[in-house]
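Q: I've got a model open and I'd like to learn how to read it feature by feature. Can we talk it through?

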Amino acid sequence: MELKIALRNVFRNRRRTAFSLTVIAVGTAVFLFVLAYVGEALLSERLSSACETGAVQVADERLFASQANGYDHLISPELQARVVDLVTKRPGVLGTSLELDFAGLIGDANGSTLVVGRGLTPCDCVPNTTCYAIEGKPISGGDAREAVLGRRLAAKLGVDTGASINIATGTVTGNFSAATVTVVGQVSYSLGTVEEQLGLFPTGFVQHLLKTDGVERILIGLDDLNKAPQFADELRRALAAEGIPLGVRTWQDLSTGYASSQSFYAAFSGLAGISVFALVFFSVVEILTISFLERTREVATTRAFGATRWRVFRGFLLEGAAIGAIGAVIGVVLASVLTLAFNAARITWMPPGSAVPQAIHLSLSLSTALVPLVTVILATVASSVYPAWKNARSSVVKALQAV
Amino acid sequence: MGSDSRFCHVRGRPFLEARDVTKTYQVGAETVYALRDVQFAALQGDFVVINGPSGSGKTTFLNLMSVIDRPTSGDVFIEGQSTSAKSEGQLALLRKTKIGLVFQSFNLIPVLSAAENVEYPLLLQKRPPAERRTRVAAMLSEVGLDALARRRPNELSGGQRQRVAIARALITGPMIVLADEPTANLDSKTGEAVMDLMRRLNEEHCVTFIVVTHDPAVSRYAQRRVRIHDGQLIEEDVGGLASPAS
């Protein structure tokens, strides 16, 4: 019956309740929206990181330690084959990509500029994600003489798809090497400075250019990024057992920016939570104070019948919790509707460090909804503490005389 | 009415007793005596009417007897036990179990129906729902409100509201019901009906009633009549037992 009384009291003054519920619902919806955005941003960053590094990466320890000298860290074809053979047997593996980077010059008769080239073998290594947003033809496997240039690099060089362009670099032994490739597409990248120098090539072609049959890294795609640490541990043991002298890192080990992003978004969410708490608290506290004080004589009556101060106090807190819960549920519904509308609009963005623009798809889960729900309920309960305490402490005799 | 047999009057130890009770209020530098050295005792089944003009200390007396207020000096005894040393919680327990209250303005909880208002004191006693339902139905029937059980107070007339308040006061089976001006907000006919009801319940349940009023018509229902004047109680001779019909 206490809950029944609390709920009926909530709707006693409909205008006041409507105002309170509006503030609570809007606060909840905004907070939930922020959390959904943060969740989406972090997910995008995880996927972008996994695109860059693979869920798990195998390479020479010197490369991981940034102590590689020239190309002495390359993985030989024999080791490549053994690692790929070891990895592909394991469950949850989506595929592998062999990568080899180089720096050189790119240009034609009109001029040249610096290119940071990446040789890669095509792989759908990140679930439900296209790692490179390429306009035109994607990179083929093998050693085809083709290139996908960063959009800004292509613009800087004044070349378009179908154009031929020259690449020049040093080989692994330090000799000069050059080749002509056909531009088959252009790639977007969130960082302009990277897009201005980026060129993607088939790994086989880069090996040919550098006069080597080695690769720098083997990227391994997993169906679940959360399994990466466990997979890496198992792979480390397997490599050691096979006597393969290579190191293993997870995407988290290699994406130092992800931890910073997590901290940033945690602080951002915390700030949003505190703001919503304060908004709800200060909006509702006055309304509840008036609402409670209007019932001074009722409280005195119940106390005259033997209700304890604690019972009265508890009843008011329950009322605060009830209005918070109702407002929060409305807020969750509101946020769900807004989210559906937002997702239907298919707005795209380029997450930080991403190579591909993504459609923002906000998703609300029960666990996400729980945080704003609890926050606003705590805020309304907190805002009811003082007026509840004041009413519960009032003198029964004086309160019975209240009009 | 009009004979001793009409009252449930059990001689013996007083159920409620005030000994040397004084209540003062501080108004600026001046001490105002609301009650001064009051002696009072009510036996089980008494029907006491306390008369007095406005400001004579009637409500103060009732507040002290119902232990919602404490005397400045003196003591109130319930079933022979002093209340002066009892904590707020212990006094709340006494009110919950031994005392029923009826107010001038009914003081019903507006968000609750008639039945729920009557049920509320049982809820405070943590009675099980089935027992609460049974007792509420019986009590509402007794005060003639069973057909209006679901109505909210604002859907009831003044007389009906006061009957709900009386049912609420009696639902826990208290030893004593203290009524503060129960007819003040009612027309004379409704007031009479309410007083008839209280008298009937006094007889049937053997519950002590102490009714504070300034309405002379209510005095006719008194088995004992007490006048309160300048903070002092004066027992009046009712000349046998008064009858509302006389």
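Q: Is A:Ser66 buried or exposed?
A: Keep in mind that this is a predicted model. The idea is to count neighbours: 12 or fewer other C-beta atoms within 10 Å makes a residue exposed. A:Ser66 has 6, so it's exposed. You'll find A:Ser66 in the loop between helix H3 (61-64) and helix H4 (77-88) of chain A. Check its backbone too: phi is positive, about 55°, although A:Ser66 is not a glycine.

Q: Where is B:Asp230 found, and how many other C-beta atoms lie within 10 Å of B:Asp230?
A: Look at chain B, in the loop between strand S9 (224-229) and strand S10 (232-236). B:Asp230 has 13 other C-beta atoms within 10 Å, so it counts as partly exposed. This non-glycine residue has a positive phi as well, of about 50°.

Q: What about the inside? Which residues touch the most other members of the largest nonpolar core?
A: The general idea goes like this: in soluble globular proteins, nonpolar side chains tend to be buried together. Here the largest nonpolar core has 117 residues, and B:Ala167 and B:Ile210 touch the most other members. Helix H2 (residues 14-53) of chain A is the top contributor to this core, giving twelve residues. Apart from that core there's another one, of 58 residues, which includes A:Val83, A:Leu200, A:Ile218 and A:Leu235.

Q: Which residues is B:Ile210 in contact with, leaving aside its neighbours within four places in sequence?
A: Those partners are B:Ala42, B:Val48, B:Ile50, B:Met65, B:Ile176 and B:Leu178.

Q: How do I read a helix pair, say H12(A) and H13(A)? At what angle do they pack?
A: Take the angle and the axis distance together. Helix H12 (residues 309-344) and helix H13 (residues 366-393), both of chain A, pack at about 150°, with axes 7 Å apart. An angle over 145 degrees counts as roughly antiparallel, and therefore that label fits H12(A) and H13(A). Their crossing is right-handed. By class, the residues of this contact are 21 nonpolar, eight polar and three charged.

Q: And between the chains, how many residues does the contact take from chain A and from chain B?
A: Chain A supplies 15 residues and chain B supplies 18. On the chain A side, the elements giving two or more residues are helix H1 (2-10), helix H11 (296-304) and helix H14 (396-400). H11(A) gives the most, with four residues. Sorted by class, that side of chain A has seven nonpolar, four polar and four charged residues.

Definitions and conventions:
Residues are numbered from 1 along each chain as its sequence is written. Chains are lettered from A and ligands numbered from 1 in the order in which they are written. This is a predicted model: local features need pLDDT of at least 70, side-chain atom pairs count only at pLDDT 80 or more; totals for chains, interfaces and linings use all residues. A nonpolar core is a set of buried Ala, Val, Leu, Ile, Met, Phe, Trp, Tyr and Cys residues joined through C-beta atoms within 7 Å. A residue is buried if 20 or more other C-beta atoms lie within 10 Å of its own, exposed if 12 or fewer, and partly exposed in between; C-beta atoms are placed from the backbone. Two residues are in contact if their C-beta atoms, placed from the backbone, lie within 7 Å. Axes are lines fitted to C-alpha atoms, for helices over the stretch in contact, and angles run from 0 to 180 degrees between N-to-C directions. Angles under 35 degrees count as roughly parallel, over 145 as roughly antiparallel, 65 to 115 as roughly perpendicular and the rest as oblique. A crossing is left-handed if the near helix is turned anticlockwise from the far one by less than a right angle, and right-handed if clockwise. Ala, Val, Leu, Ile, Met, Phe, Trp, Tyr, Cys and Pro count as nonpolar, Asp, Glu, Lys and Arg as charged, and the others, Gly among them, as polar.
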